[in-house]
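Please open the model in your viewer and keep the selection panel at hand, since this tour goes from one selection to the next.

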Amino acid sequence: MAVLQGAEAKLYLGGDFYGRPCIIKERFQKNYRHPILDKALTSQRIKSEVRANLRCRIAGIQTPTIFMVNFDTNSIYMEEIQDAVTVRQHINTVQAAELNPASACSQLKPLAEAIGRTLAKMHTSNIIHGDLTTSNMLLEGDPSELSLFLIDFGLSSFEASAEDKGVDLYVLERAFLSSHPNSQELFDCILAAYTDQTQDKNACKEVISKLDEVRLRGRKRTMVG
Amino acid sequence: MVVAIGFEGSANKLGIGIVKDGVVLSNPRHTYITPPGQGFLPKDTAKHHREHALSVLKLALEEANIKPEEIDVVCYTKGPGMGAPLVSTALVARTVAQLWNKPIVAVNHCIGHIEMGRLITGAQNPTVLYVSGGNTQVIAYSDKCYRIFGETIDIAVGNCLDRFARVLKLSNDPSPGYNIEQLAKKGRQYLEMPYVVKGMDVSFSGLLSYIEEKAPKLIESNAYTPEDLCFSLQETVFAMLIEITERAMAHCDSNEVLIVGGVGCNKRLQEMMGVMASERGATLYATDERFCIDNGAMIAQAGWEMFRSGVVTPLDQTTCTQRFRTDEVEVTWRS
């Protein structure tokens, strides 16, 4: 069984759950933090992950099916999305193959729009992902089919406030621009599709203005030695 | 052979250091210390810097055993920082540069910390956790830029610790953070408090409000001692910092981590980072208070790198700015 180690969990790949391809996500103990804090965070994140995963599916967003949770081993057993690449890998592949940045961008535009629409659905259901990055989005099968899956809901929460949604988008923007240089235009596409897809225009306006506010907190904040 | 002198005064430390091709020749510093329960105000801090600038400069030259004519470049902190202290220190740098007829290089304070950390520890391409009274950032280098992967979305971690020290009326000598660290060693009981991580970003303002309000009551009722609260606060905020650093390392596939900035000399933070690093097969690089805390040599070192790559700041552009992002600087000296 292949093992991948992420920042907070080990992923055991290639398992089998009653005949279905399964991965086990085990949140291991973090010895650097206080045991009480570690226990609280681990169990809280397993619960958040499972809850948000289910809520997303109800909202019509693709996520891996969760088969089982073992609280003794802090493990989630879930469907392995086969033949998938992360959005991060896909963007890197396209950008590496296409020397002209403008045409790479136009190739990736449909993907950016699909991401924007998915996030709009998610926020309309008041789901805050909490760790939106291009590594936490998968494309199943042929990337041009845009079969997008959201994963890694450990930092998620269920909030209706514009502040939380704005911060969620801010986290994605930061991760997006730092992982993919020269991609501001793509992120703008995500936001445009997000705005377009959200039915409640007033609520959406509020989220975007919160996003601007949070950006300002980071960028223009007085920073003292 | 290039000799650089650096002037740092962005916060309450006035530091002047001399660096000669990667060797720190001198690095004296004078700190403005306020009474317990009080922070430092820009006006009084600037006054402190003006009062001590010449004596610290004299000390820097004497300790290095360097004459002004041997200096090749004068470096100063352009920002970020507090306006008045920055300006008063830059004025000294501009004055000596003209007196000695030397070129000037304006340096970003955060870049100063990173370059000093790299020089002292020998880290090649680390993920950097930069933690101080004014800054909390997780930084990694790519493509001529120190990119900010994560940061605080409100106050800095050092600010959070300093303000809690004021609640407890701890001494600001040598620094409030140091005194919290000493008390925390005696803490036994862990109090759970708000833990706010959003992706690779953190937030401390809610946590600070929570503990500011709770602390006096908890101490009065003897439920928790001040030591317990310092311990719990450190455990919580440091765990948040380690978590976002680890996430950035996983994201960037990095196996080196460097801690810089004033909070970076906290031994407990270094210890926690060390555990995280060893569990993922990475190496931790950290320095002590001579180089973690704001100092002149770090400005000289960053300026030295910039100068060697051909950067010189024209005199009419030797201004200061309170807001100067780490990622605004083009890193001309790294490949």
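Begin in chain B by selecting helix 4 together with its surroundings: the buried residues of this helix pack against strand 7 (127-131), strand 8 (136-142), helix 5 (176-184), helix 6 (205-220) and helix 7 of chain B. Keep in mind throughout that this is a predicted model. Helix 4 of chain B covers residues 157-167, and because eight of its eleven residues are buried, it is largely enclosed by the rest of the structure. To display the buried positions, select B:Val157, B:Gly158, B:Asn159, B:Cys160, B:Leu161, B:Asp162, B:Phe164 and B:Ala165. Then step just beyond the end of helix 4 of chain B to B:Lys169, where phi is positive, at about 55 degrees.

Next, bring chain A into view beside chain B and select the contact between the two, to which chain B gives 41 residues and chain A gives 30 residues. On the side of chain B that touches chain A, the elements giving two or more residues are strand 9 (145-151), strand 10 (197-198), helix 7 (226-252) and helix 8 (267-279) of chain B. Helix 7 of chain B supplies the largest share of that side, with eight residues. If you colour the side of chain B that touches chain A by residue class, you will find 16 nonpolar, eleven polar and 14 charged residues.

Now hide chain B and turn to the sheet of chain A, an open sheet in which five strands follow the order 1-2-3-5-4 with antiparallel pairing. Strand 1 (3-5) and strand 4 (66-70) of chain A are the edge strands, and each has a single partner strand, so one side of each is left without a neighbour in the sheet. Looking across this sheet, neighbouring strands are turned against each other by 20 degrees on average, direction ignored.

Stay with strand 4 of chain A and add strand 5 (residues 75-79) of chain A, with which it pairs in the antiparallel sense over four bridges. Within this pair, A:Asn70 stands opposite A:Ser75, and A:Ile66 stands opposite A:Met78. The two strands form a hairpin with four residues between them, and A:Asn74 in the turn has a positive phi of about 55 degrees. For the other partner of strand 5 of chain A, select strand 3 of chain A, where the antiparallel pairing runs over five bridges; here A:Met78 is the bridge partner of A:Ile23.

The last stop is a pair of helices in chain A, so which axes should you draw? Choose those of helix 2 (residues 87-97) and helix 3 (residues 101-124) of chain A, which come within 9 Å and cross at roughly 155 degrees. That angle makes helix 2 of chain A roughly antiparallel to helix 3 of chain A, and the crossing is right-handed. To see the contact itself, show A:Val87, A:Ile91, A:Val94 and A:Gln95 in helix 2 of chain A, which meet A:Ala104, A:Gln107, A:Leu108 and A:Leu111 in helix 3 of chain A. By class, the residues of this contact divide into six nonpolar, two polar and no charged.

Methods:
Residues numbered from 1 in each chain as written. Chains lettered and ligands numbered in written order. Predicted model: local features only at pLDDT ≥ 70, side-chain atom pairs only at ≥ 80, totals over all residues. Axes fitted to C-alpha atoms, helices over the stretch in contact; angles between N-to-C directions. Parallel < 35°, antiparallel > 145°, perpendicular 65-115°, else oblique. Left-handed = near helix turned anticlockwise from the far one by under 90°. Contact = placed C-beta atoms within 7 Å. Nonpolar A, V, L, I, M, F, W, Y, C, P; charged D, E, K, R; others polar. Pairing = 2+ DSSP bridges. Buried ≥ 20, exposed ≤ 12 C-beta atoms within 10 Å, placed from the backbone.
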